[in-house]
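Biologist: I am new to this structure and would like to learn how to read its features one at a time. Could we start with the pockets and then move on to the sheet?

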Amino acid sequence: MKSIGVLMTCPMHKYLEQQLETHFNLFKLWHCNSSITEFLKTHQGNTIRAVVGNTEIGADAELIASLPSLEIVASYSVGLDKIDLRKCEEKGIRVANTPDVLTDDVADLAVGLILGVLRGICASDAYVRIGKWKDADFGLATKFSGKSVGIVGLGRIGTAIAKRAEAFGCSISYFSRGNPPYYQSRSH
């Protein structure tokens, strides 16, 4: 399988790079000092059957055209922004990405940040640590429960945030390009 070329467009976890190097002929684009076009000319683009990367470089029509043996474009990002999906479909190239990998983590962090700001957690922590509590009260903060929450974009992450906010009794207003299944019966 070492005859199968894999073009990695950006550095990734060492373990992944080692696994790819073990099984395939791995080309690391960031080690190249020339343009992508020059790199492909000098590295026989016809042996490369896979592109692995993220949305920073992706796989545009020019890259896809320069790899006649390309079978798959794999992105370890949620988005497909810089991958020419029409060109991939036209040439029968599979496209893979990693949706939902961080959905819950991002939604949890968003609610954590909301709580931190409304409750003044960082400010009150600093207040206590520098000893101001001895001289004066910190002052009141506000709660998250029952607030009105506005979300722009109700995709995976927006929906996950909305579900968490609903658990706090918040009313949800949103703007989204589509009609998200979770909120079809709700007004927006």
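Modeller: A useful way into a pocket is to sort its lining by residue class, and in this predicted model the lining of the largest pocket divides into 6 nonpolar, 4 polar and 3 charged residues. That pocket has a volume of about 260 Å³.

Biologist: Which residues lie nearest the centre of the largest pocket, and which elements give two or more residues to its lining?

Modeller: Of the 13 residues that line the largest pocket, Val-78, Gly-79, Asn-97, Arg-156 and Ile-157 lie nearest its centre. The elements that give two or more residues to this lining are helix H5, covering 103-119, and helix H7, covering 156-167.

Biologist: What is the volume of the second largest pocket, and which helix gives the most to its lining?

Modeller: The second largest pocket has a volume of about 150 Å³, and its lining, read by class, has 5 nonpolar, 3 polar and 3 charged residues. Helix H2 (36-42) and helix H3 (61-65) each supply at least two of the lining residues, with H2 giving the most, namely 4 residues. Among the residues that line this pocket are Ile-36, Leu-40, Asp-60 and Leu-63.

Biologist: Turning to the sheet, in what order do the strands lie, and is the pairing parallel or antiparallel?

Modeller: To read a sheet, one follows the strands from one edge to the other; here 5 strands form an open sheet in the order E2-E1-E3-E4-E5, and the pairing is parallel. At the edges are strand E2 (25-28) and strand E5 (94-96), each of which pairs on one side only. From one strand to the next, the twist averages 15°.

Biologist: How many bridges join strand E4 to E5, and which residue stands opposite Ile-72?

Modeller: Strand E4, made up of residues 72-75, runs parallel to E5 and is joined to it by 3 bridges, and within this pair Ile-72 stands opposite Arg-94 of E5.

Biologist: Which strands does helix H1 lie across?

Modeller: Helix H1 (residues 14-23) lies across strand E1 (5-8) and across E2, and it runs at about 135° to E2.

Biologist: Finally, how should I read a single residue such as Ser-176, and which residues does it touch?

Modeller: One begins with its place in the chain and then turns to its neighbours: Ser-176 is found in the segment after strand E7 (171-175). Leaving aside residues up to four places away in sequence, Ser-176 touches Gly-153 and Leu-154. A polar atom of the Ser-176 side chain lies 3.4 Å from the backbone nitrogen of Leu-154.

Note on methods. Residues are numbered from 1 along each chain as its sequence is written. This is a predicted model: local features need pLDDT of at least 70, side-chain atom pairs count only at pLDDT 80 or more; totals for chains, interfaces and linings use all residues. Side-chain values use heavy atoms; hydrogens and water are left out. Two strands pair if DSSP finds at least two bridges between them. Axes are lines fitted to C-alpha atoms, for helices over the stretch in contact, and angles run from 0 to 180 degrees between N-to-C directions. Contact means heavy atoms within 4.5 Å. On a 1 Å grid over the protein atoms alone, a cavity is a set of points where a 1.4 Å probe fits but cannot get out, and a pocket is an open set with protein on both sides within 12 Å along at least five of seven lines; lining residues have an atom within 4 Å of a point. Grid points are joined across faces, edges and corners, and a volume is the space filled by probe spheres set on the points. Ala, Val, Leu, Ile, Met, Phe, Trp, Tyr, Cys and Pro count as nonpolar, Asp, Glu, Lys and Arg as charged, and the others, Gly among them, as polar. A polar contact is a pair of N or O atoms within 3.5 Å; within protein, one must be able to donate a hydrogen and the other to accept it, and residues adjacent in sequence count only if both atoms are side-chain atoms.
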